[in-house]
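Here are some short exercises for you to work through with the coordinates open. Try each task yourself before you read its solution.

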Amino acid sequence: MTQAPLVTILDDEPAIREILTEALQEAGFRTRAFSRATEFEAALRTTTPDVALVDLGLPDRDGLTLVHRLALEQGAKVIIISGRAQVQDRVTGLELGADDYVTKPFEAAEVVARVRARLRTPAAKPQQTTAHFGEWTAHFDRFTLERDGQETPFSQAESEVLRLFLESPKRLITRAHMQEALGGTAGDSFDRAMDVRISRLRTKLGEDPKNPRLIKTIYGAGYIFLGDVTWS
């Protein structure tokens with residue numbers, strides 16, 4: 001029998017850990033809760049969660065230091081849960097690879113819905129792992145972009161967007177299609193997450209932000225990837 005997805009909760013507030021644990025277990029998820037980053041990192045040596053809920057204001061470390069590792073190295077979906085409501089905190093978290101950002105106070109049902117959204121994926125099918133476009137090669141098996149023998153890493157979150165573009169080159173990809181394909185929750189948070197991921201990909205591809213050659217914004221409609229793509 002397939003095990004239920006594992007959701008980890010890293011928050012130093014006992015009440016929040018209890019509320020989220022109860023709500024997630026009632027929804028059918030397995031959970032593990034931690035109050036300190038050191039405990040959480042020790043657990044990561046043997047277990048990778050499907051989704052990690054990470055508070056930023058931890059007593060022994062800033063939670064942002066864990067987001068990049070979880071997203072890029074562990075391949076986990078990451079949802080930041082924080083009392084920091086400033087736009088810059090949201091942007092920094094998303095830039096480091098977080099998939100979503102929830103501010104405190106929150107409703108437990110909303111967090112459960114966001115966890116489900118992050119885990120919602122199309123039916124499994126074999127996927128090619130290497131795409132070639134222009135002078136670039138994208139290696140999805142090791143999350144790197146290669147050009148002239150130099151490799152640049154990209155995160156799991158960036159991987160989802162890049163694959164979506166490369167699998168549908170020269171076709172309009174609307175925000176609604178991105179939401180459906182990537183399992184996002186409609187709203188400003190999802191839109192901002194997509195903007196940040198696309199901005200990061202453009203930077204890694206050496207794009208001119210004022211006149212990108214590959215990932216074009218069609219204002220009011222969505223995006224088009226203009227390169228010719230071959231897979232191997």
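**Exercise 1.** Which residues touch the most other members of the largest nonpolar core?

*Solution.* Keep in mind that this is a predicted model.
- Step 1: the largest nonpolar core has 28 residues, and Phe-133, Leu-166, Met-178 and Ile-215 touch the most other members.
- Step 2: look at where the members come from. β6 (130-133), β7 (136-139), α6 (156-167), α7 (175-182), α8 (188-204) and β12 (222-225) each supply at least two residues of this core.
- Step 3: α8 gives the most, with six residues.
- Step 4: there is also a second, separate core of 20 residues, which includes Leu-10, Phe-34, Leu-56 and Leu-70.

**Exercise 2.** Take Leu-166 and find what Leu-166 is in contact with, leaving aside neighbours within four places in sequence.

*Solution.* Start with the contacts of lower residue number: Ala-131, Phe-133, Ala-138 and Phe-140. Then add Phe-225, Val-229 and Trp-231. Phe-133, one of these contacts, is itself among the residues that touch the most other members of the largest core.

**Exercise 3.** Is Thr-130 buried or exposed?

*Solution.* First, place the residue: Thr-130 is found in strand β6. Next, compare its accessibility with the cut-off: buried means under 20% relative accessible area. Thr-130 has 13% relative accessibility, so Thr-130 counts as buried. Finally, check its surroundings. Not counting residues up to four places away in sequence, Thr-130 touches Thr-137, Ala-138 and His-139, and also Thr-230, Trp-231 and Ser-232.

**Exercise 4.** Work out the span that helix α5 should have at 1.5 Å a residue, and compare it with the distance between its end C-alpha atoms.

*Solution.* Helix α5 covers residues 108-119, which makes twelve residues. The expected span is 1.5 Å times one less than the number of residues, so α5 should span 16 Å. Its end C-alpha atoms are 17 Å apart, which agrees. Now list the buried residues of α5: Ala-108, Val-111, Val-112, Arg-114, Val-115, Ala-117 and Arg-118. A general rule helps in reading such a list: an α-helix has 3.6 residues a turn, so residues three or four places apart point the same way.

**Exercise 5.** How do α1 and α5 pack, and which residues meet?

*Solution.* Helix α1 (residues 14-26) and α5 pack at an angle of about 55°, with their axes 9 Å apart. That angle makes α1 oblique to α5. The crossing in which α1 passes α5 is right-handed. On the α1 side, Ile-19, Leu-20, Ala-23 and Leu-24 meet Ala-108, Val-111, Val-112 and Val-115 of α5.

**Exercise 6.** Describe the packing of α6 and α7 in the same way.

*Solution.* The angle is about 120° and the axes lie 11 Å apart. α6 and α7 are therefore oblique to each other. α6 passes α7 in a right-handed crossing. From α6, Glu-160, Val-161 and Leu-164 meet His-177, Met-178, Ala-181 and Leu-182 in α7.

**Exercise 7.** What is the relative accessible area of Leu-145?

*Solution.* Leu-145 is found in strand β8 (residues 144-147). Its relative accessible area is 0%, so Leu-145 is buried. Leaving aside neighbours within four places in sequence, its contacts include Phe-133, Trp-136, Phe-154, Leu-162 and Leu-205. For a distance check, the C-alpha atoms of Leu-145 and Leu-201 are separated by 9.8 Å, although these residues are 56 residues apart along the chain.

Note on methods. Residues numbered from 1 in each chain as written. Predicted model: local features only at pLDDT ≥ 70, side-chain atom pairs only at ≥ 80, totals over all residues. Heavy atoms only, no water. Core = buried A, V, L, I, M, F, W, Y, C linked by side-chain atoms within 4.5 Å. Buried < 20%, exposed > 50% of the residue type's maximum accessible area, 1.4 Å probe, protein only. Helix = DSSP H or I, 4+ residues; strand = E, 2+ residues; numbered from the N terminus. Contact = heavy atoms within 4.5 Å. Axes fitted to C-alpha atoms, helices over the stretch in contact; angles between N-to-C directions. Parallel < 35°, antiparallel > 145°, perpendicular 65-115°, else oblique. Left-handed = near helix turned anticlockwise from the far one by under 90°.
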